[in-house]
Structures are given as C-alpha cells and as structure tokens.
Amino acid sequence: MIIFKTATDLRRHLDKLVSNGKTIGFAPTMGALHQGHLLLVAASKQQCNVSVVSIFVNPTQFNDPKDFEKYPVTIDTDCKLLEEHRVDILFLPSVEEIYPHGIIAKRHYELGELENLLEGKYRPGHFQGVCQVVERLLEIVQPHQLFLGQKDYQQCMVLQKLVALMGASITVSIAPTLREKDGLAMSSRNLRLTKDEREKATAIYQQLVMIKKKFSTEKISVLKQKASENLLQNGFHKIDYVEIASAETLLPVQENDNRSGKAVALVAAFIGDVRLIDNLLLN
Ligand code: AMP
C-alpha cells in the first residue's frame, strides 16, 4: 500500500495508472476503520483495478464541535487493516491539503429537501460539509467508481446528487450495512460506547426490525411511537427521529400511502453522549 499525503503526489501517481487503462475505485472514510468499511474495500477491489481509501476527519461536517473532538482516531490500526486487505493506495491528507484556501465553503450545494429532512434537520450544515469534502476528494482522486455504505442512507442520496451536480461520470455503488452479531450497525462511534451502553445500543436495530415486521399491518404513527418508547425504555435518552420514509425521496410515508412502495425506517438517537444512526429497508 502506498500512502499519499498530498493531492499533487497522489494525482501524479493516479495519472500514470489511468493512462495505462486502470480503473480507480474510491472509498472515502473518516478512519477508526471496522469491518463495515472493509466491505467497501472488498467491493472496490472486486470491481476496480486500483483501490483508493481516504482517511480524513472532515471538520466542516461536524455541527457539534464536541463530536469532532471526540471522534475516534486509530490511524496505526487503520493502516494495518488496509494493508492486510490489500488496499493499493491510502490518501491521508491534512486539513490544509483538503482546504488550502480555508474551511469556509465557497459554494452552496442545492440538495433540495434532503437538506431539511432527518439528518439535514438535526445536523444543520452537515450535508454541505459532506459535499464540500467529497467534492474536493473526488476532484483529487477522479475515481471511476465511488463506494459508499447504506448505513448512511441519506448521505448516499446526497452524494448521488453531488455526483450529478458535478456532472461527473462516476458510478456510485452502495454496500449493505454490516452489523455486529446482535444487530448493532458497525460504526466508528461505537468505540465511544461504555460496555453497558454497547449492550443496550442494539435496541436501535431491534426497533427497526419491529417496524419492518409490522409495517404492512400497523399504523405508521403507532409504529413510530412504539419504537421511540422502546428506545427510551432501553437505554437511549434522546431521540432525534424515528421516521418511516419513502426509500426514494426520504419524505415521510403517510398513513394512507400504499405500503407496497419502497420504504425505509430510519433512526437517530443518543445513548450516553453518543449519537447513533441506523436504517432498514422495509420492503
Ligand atoms: P465513515 O468513516 O463513518 O465516514 O464511513 C465511511 C464509509 O463507510 C461511508 O460510506 C459509510 O456509509 C460506510 N460505512 C460505515 N459503517 C458501515 C457499515 N456498518 N456497513 C457498511 N458501510 C459502512
């Protein structure tokens, strides 16, 4: 694995590979890598000639400065894992390398309703920050394929929109959510859970499964209410949202809507001071 810290060096290397006909797969991450990230790596290795992973904890997407300060950093272990999984290139830039002109955004990305819903509503500015960093990374890496995880469902939709806004011919591939044995979605933030919180955190998945089981028969409002109550009774102390939404638009499913349309249940809730998100396709 070759580690690049500057965009210029990385670009020079990639130019040679692309001129030799190689296809480039790219998985952007914020590090503290786990098996979920490695699923993206595996897909990239299978589908592209050269696999690039970036690790960059992007300051502009954290609406909560404490969340940014506490974001886990495990760079040595990350490098070992990526080596073991035969990643070709790790891009490990500094903040200055990504934002040479400062972190203030130069443009506003037109994300439509996605910006005001769910994560957009509860983390103002988050998706603008995500677009800012991913646009920059895509300009540097210029991949043929971009590998993302369904774990961040709304982010996948936002980034598909970004690729379209950029007019880039990049194929977006979405890997399913990898879970721990008890169903908890793997996440870098899980490292911040105490033993007790970790045990209780599986409640999110259990409630998503409950919603899925009852989706075709139960009232939407009842499902959301039940799931919220169960989370609060099982260790979560604050819920940003429990939503049942169209899998295509993320607009809430209404009671009278046809339940055979593609739908997704999404949750964001706090356990201790850790905010976890998860989602499950319902049909
Ligand atoms: P992050 O490092 O959290 O920014 O995530 C980097 C990429 O890995 C994103 O595309 C995530 O959606 C994806 N990812 C994170 N957790 C999982 C998981 N449990 N299963 C599959 N993909 C994931």
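1. A polar contact is a pair of N or O atoms within 3.5 Å, and a backbone N or O atom of Met-30 and an oxygen atom of the ligand, lying 2.9 Å apart, make such a pair. A backbone N or O atom of Met-186 likewise lies 2.9 Å from a nitrogen atom of the ligand. On the side-chain side, an N or O atom of Asp-152 is 2.6 Å from an oxygen atom of the ligand. The model is a predicted one, and these distances should be read with that in mind.

2. Around the ligand there are 16 residues, of which Met-30, His-37, Asp-152, Leu-178 and Met-186 come nearest. Taken alone, the ligand has 490 Å² of accessible area, and the protein covers 92% of it. The elements β2, α2 and β5 (145-149) each give two or more residues to the shell, and the largest share, three residues, comes from α2.

3. Turning to the interior, the largest nonpolar core has 46 residues, and those with the most contacts inside it are Leu-10, Leu-14, Ile-89, Ile-98, Leu-138, Leu-250 and Leu-266. Helix α7, which runs over residues 126-141, gives the most to this core, with nine residues. Another core, of 26 residues, lies apart from it and has Ile-211, Phe-215, Ile-244 and Ala-265 among its members.

4. Which residues are in contact with Leu-250, once its neighbours within four places in sequence are left aside? The partners are Leu-114, Leu-117, Leu-118, Tyr-153, Gln-154, Met-157, Ala-245, Val-264 and Leu-266. One of these partners, Leu-118, returns in the point on backbone geometry below.

5. The structure holds 18 salt bridges, and one of them joins the side chains of Arg-11 and Asp-15 at 2.8 Å, N to O. Arg-11 and Asp-15 are separated by about one helical turn, because they stand four residues apart in helix α1 (residues 7-19). Arg-11 counts as buried at 15% relative accessibility, whereas Asp-15 is partly exposed, with a relative accessible area of 41%.

6. Asp-67 forms a salt bridge with Arg-189, with the closest N and O atoms 2.8 Å apart. This pair links distant parts of the chain, since Asp-67 belongs to helix α3 (residues 65-69) and Arg-189 to the loop between β6 (171-175) and α9 (195-200), 122 residues apart. Asp-67 is buried, with a relative accessible area of 13%, and Arg-189 also counts as buried, at 14% relative accessibility. Both residues take part in a network of salt bridges that links Asp-67, Lys-70, Arg-123, Arg-189, Arg-192 and Asp-273.

7. In helix α9, Lys-195 and Glu-199 lie four residues apart, about one turn of the helix, and their side chains meet in a salt bridge at 3.7 Å, N to O. Lys-195 is exposed, with a relative accessible area of 67%.

8. Two backbone torsions deserve a second look, because most residues other than glycine have a negative phi. Ala-32, although it is not a glycine, has a positive phi of about 50°; Ala-32 is placed in the loop between β2 (24-29) and α2 (35-47) and counts as buried at 3% relative accessibility. Leu-118, also not a glycine, has a positive phi of about 45°; Leu-118 is found in helix α6 (residues 118-122) and counts as buried at 8% relative accessibility.

Conventions:
Residues are numbered from 1 along each chain as its sequence is written. This is a predicted model: local features need pLDDT of at least 70, side-chain atom pairs count only at pLDDT 80 or more; totals for chains, interfaces and linings use all residues. Side-chain values use heavy atoms; hydrogens and water are left out. A nonpolar core is a set of buried Ala, Val, Leu, Ile, Met, Phe, Trp, Tyr and Cys residues joined through side-chain atoms within 4.5 Å. Buried means under 20% relative accessible area, exposed over 50%, partly exposed in between (1.4 Å probe, protein chains only). Contact means heavy atoms within 4.5 Å. A salt bridge is a side-chain nitrogen of Lys or Arg within 4 Å of a carboxyl oxygen of Asp or Glu. A residue is near a molecule or strand if one of its heavy atoms lies within 4 Å of it. A polar contact is a pair of N or O atoms within 3.5 Å; within protein, one must be able to donate a hydrogen and the other to accept it, and residues adjacent in sequence count only if both atoms are side-chain atoms. Accessible areas come from the Shrake-Rupley method with a 1.4 Å probe; for residues, only the protein chains shown count as cover.
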